[in-house]
Amino acid sequence: QVHVVESGGGLVQPGGSLRLSCAASGRAFSPYAMSWFRRAPRKEREFVAGITWNFGSRSYADAVKGRFTISRDAAKNTVYLQMDGLELEDTAVYYCAVAATRGILIYEANYNYWGQGTQVTVSS
């Protein structure tokens, strides 16, 4: 079992930046991928960005390409999401998820472990 904890959310103005962190527990940690999802008010949860663990292959939702950057630190079992140029539409609870086995990153059914989420609010 893996324990997942997100941090780094907060309140920012449009155009601002935040960096989210996600730390996963356990020695010999070697997932297929770790990803970020988000759920905006009264909307369904959606894929934001993901990264495979072995090769660091990255995938982004169209809505965040060019603004968000996902990265990993395998030695610390940690993934980051650097969010720049934040927009009002980015307001959501951001969740970190861990996929233990190979699968398509954008489908949340492929993830085995989830954090509790961290709130990101973009407001003028």
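Reader: Why is glutamate 46 called partly exposed?

Author: In this predicted model, glutamate 46 has a relative accessible area of 39%; since buried means under 20% and exposed means over 50%, with partly exposed in between, glutamate 46 is therefore classed as partly exposed.

Reader: What makes the pairing of arginine 38 and glutamate 46 a salt bridge?

Author: The side chains of arginine 38 and glutamate 46 meet at 2.8 Å, N to O, and because the rule asks for a side-chain nitrogen of Lys or Arg within 4 Å of a carboxyl oxygen of Asp or Glu, the pair counts as a salt bridge.

Reader: Why is arginine 38 called buried or exposed, and where does arginine 38 lie?

Author: Arginine 38 belongs to strand β4, residues 33–39, and its relative accessible area is 5%; as buried means under 20%, arginine 38 is therefore counted as buried.

Reader: Which polar contacts does the side chain of arginine 38 make, and how do you know that they qualify?

Author: One polar contact, of 2.9 Å, is with the side chain of aspartate 90, and another, also given as 2.9 Å, joins arginine 38 to the side chain of tyrosine 94; the cut-off for a pair of N or O atoms is 3.5 Å, and both pairs are listed as polar contacts. Beyond its neighbours within four places in sequence, arginine 38 is in contact with residues including Glu44, Val48, Phe68 and Val93.

Reader: How do you know that aspartate 73 and lysine 76 form a salt bridge, and what makes aspartate 73 partly exposed?

Author: The closest N and O atoms of aspartate 73 and lysine 76 are 3.9 Å apart, and the salt-bridge cut-off is within 4 Å, so the pair is accepted under that rule. Aspartate 73 has a relative accessible area of 26%, and because partly exposed runs between the limits of 20% and 50%, that is the class it receives. Salt bridges that share partners also join Arg38, Glu46, Arg67, Glu87 and Asp90 into one network.

Reader: What is said of aspartate 62 and lysine 65, and how many salt bridges are counted?

Author: Aspartate 62 and lysine 65 form a salt bridge with their closest N and O atoms 3.4 Å apart, and both residues are exposed; the count by this rule comes to seven salt bridges.

Reader: Why does tyrosine 107 count as partly exposed, and which surface patch includes Tyr107?

Author: Tyrosine 107, in the loop between β9 (92–99) and β10 (113–114), has 48% relative accessibility; exposed requires over 50%, so tyrosine 107 counts as partly exposed. Tyr107 joins Ile104 and Ile106 in making a nonpolar surface patch of about 310 Å².

How values were computed. Residues numbered from 1 in each chain as written. Predicted model: local features only at pLDDT ≥ 70, side-chain atom pairs only at ≥ 80, totals over all residues. Heavy atoms only, no water. Patch = residues over 30% accessible without salt bridge, like charges linked within 9 Å, V, L, I, M, F, W, Y side chains within 5 Å. Areas by Shrake-Rupley, 256 points an atom, 1.4 Å probe, with all protein chains shown as cover. Helix = DSSP H or I, 4+ residues; strand = E, 2+ residues; numbered from the N terminus. Buried < 20%, exposed > 50% of the residue type's maximum accessible area, 1.4 Å probe, protein only. Polar contact = N/O pair within 3.5 Å; in protein donor to acceptor, adjacent residues only side chain to side chain. Contact = heavy atoms within 4.5 Å.
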